[in-house]
Each structure stands twice: as C-alpha cells, then as structure tokens.
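Here is a predicted model to question. Each label below is set against the rule behind it.

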Amino acid sequence: MSQVVLITGATSGMGELTASTLAQNGYTVYAGTRDESNLNSDIQNINKVYIDVTKTNSIKEAIKTIIAKEGKIDVLVNNAGYGLVATVEDGTDEEMFKQFDVNVFGLLKTTREVLPHMRKAKSGVIINISSFLGKMGLPLLAHYNASKYAVEGIVDSLRFEASPFNIRVHSIQSGLFGTNFVKSGLVVNEQTTNEDSPYKELVSHFVPIVAQAINEGPSPQPIANAVKDIIENEDSDIFVPVGGEAETFVPLRKELSDKDFEQKVKETFGI
C-alpha cells in the first residue's frame, strides 16, 4: 500500500510541484486547496481536498476525510504560507495577525490534527516548508521573518515530543525560486509602499531585488526533490537548506559573528 501524503497549499508553486512529483513516484497525495469549487483532479494519485489552514473545522474535516478513505496519513507537508511586505512601523494588527495565522498557527493546527493518527501508527514524517529567512532577517519582511523563525522553533521542540512515537519532524529552508509567489504569495502594506513613506528609498531599492529573484529564479523542483528525499531517508538532516540563498546564508549564519553576518547581508543586498 502506497504512503499517504497531505500537502497544504498544494495547488500552485512549490506545493503543486511537490504534489505532482510525489504522485509520479507512487505516493497517494492529498493536495490541500482553499478553492471549494474545484476539488476535481485529473492527475493519477492526486486527490484535492478542501483545507484552509485559518479555519480549524476545515482542517479537521479534511483529515477526517483522508482517514476515512485511506486509514492513515503517513506524511504531512506544511506548505501553506505567504509573505507580508511591511515595515514594523506600518504593519497593522490585521496584517500581523493574519501573517501568523497562516504561517504559524495554521501549521500548528494542521500538525495537531495529524499527530494522533501518526502516534497511534507509531510512524510518520512531518515536513515544514520554511525559509532561509527563518535564520536571518531582511528589511520589510520582519513579520514574515518572525513567522519563519517560529516555524524553526516549532521543529526544534516538536522533534522531542514526536520522537518516542517514531515520528520524524524536519524543516526545508527554502531559498528564492521561480514561482508565482510575487503575484499571489505576497501581501503589500499600502503605507510602506506609499510615495510619501519615509522608507521610500529602502522600498524602491529592495523590493525589486526580491521580486526579480523570485520572478527570474530557478524552478522549485529541488524543493520537491528534498521533500521526497526526507521521506525516504530516515537519516535526513533536521534542517535542509535548499536553493542558492539558503545554501549560502544558512551556513554563514553559523560561521560568522552576529555583527559580521549582518555586515555580509548589507553588502550582498546593498542596504
């Protein structure tokens, strides 16, 4: 019987590619989507399931549906997420709460619902799609940075809780890849990007750098490959950096002092 995988945010970008890669390799994939009107899938081994990680009931119902059909969930890939572009000064209550609601609380709630089934089976793999920005900061992304730092902390703690039940927990620290993240994965604070903003110079310099890196970035196939490798390799690293930025900056964060690392970031991004 093939392994059953649930992927949140799986109808575009990294999530969609990961779903198709696993399906092509014989996994039974449940691709989480927020679009209730389109739950049909023409791809073998991929089943769409409605799941909005900000809505607890949708998480519970999705997992109940999978368990009823398959009897198990072997792998959870927490992929749903987005990025808020805003200064700390400008970020509104609604924006900061929503950032954590999706990137952190949604991940926790989905994991919470899957864990009892993995625990009873004494087997499971949980993979969180994080970011190299869970290990370093960049301007205008403090809220996103903080959410990904939180994800890294969850991995650190959950591994101790899950290990006695033979459940592995990992993080993929993604770099910048060519996805539709700029179009549909970024939310921009209007005050931060306003012509009258005191941060106008920083915005005009930095935002195009990030946008270009994503729009012209490489295929996110390495992320999908990393997910597959973690599932199939019991000795996989806890934190797996994938992509140019991640593979450059994550090791540097360990090697350099805090001040030297900050200077390196400034030099790299011209800030």
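**Labels and their grounds**

Q: What follows helix 1, and what is the sign of its phi?
A: Gly26 follows helix 1. Its phi is positive, near 95°.

Q: How do you know that the length of helix 1 agrees with its number of residues?
A: Helix 1 has 12 residues. The expected span is 1.5 Å times one less than that number. That gives 16 Å, and the end C-alpha atoms are 17 Å apart, so the two agree.

Q: What covers the buried residues of helix 1?
A: The buried residues are Met14, Gly15, Thr18, Ala19, Ser20, Thr21, Leu22 and Ala23. Their cover includes strand 1, strand 2, strand 3, strand 6, strand 7 and helix 7.

Q: Why is strand 2 called mostly covered?
A: Buried means under 20% relative accessible area. Six of its six residues are buried, so strand 2 earns the label. Thr28, Tyr30 and Gly32 lie on one side, with Val29, Ala31 and Thr33 on the other.

Q: How do you know that strand 1 and strand 2 pair?
A: Pairing needs at least two bridges. Four bridges join strand 1 to strand 2, so they pair, and they run parallel. Leu6 stands opposite Tyr30.

Q: What makes strand 2 and strand 3 a pair?
A: Five bridges join them in the parallel sense, and at least two are needed, so they qualify. Val29 stands opposite Ile46 in strand 3.

Q: Which residues touch the most other members of the largest nonpolar core?
A: Ile7, Leu22, Val29, Ile127, Ile129, Ile172 and Val227 do, in a core of 25 residues.

Terms used. Residues are numbered from 1 along each chain as its sequence is written. This is a predicted model: local features need pLDDT of at least 70, side-chain atom pairs count only at pLDDT 80 or more; totals for chains, interfaces and linings use all residues. Side-chain values use heavy atoms; hydrogens and water are left out. A nonpolar core is a set of buried Ala, Val, Leu, Ile, Met, Phe, Trp, Tyr and Cys residues joined through side-chain atoms within 4.5 Å. Buried means under 20% relative accessible area, exposed over 50%, partly exposed in between (1.4 Å probe, protein chains only). Contact means heavy atoms within 4.5 Å.
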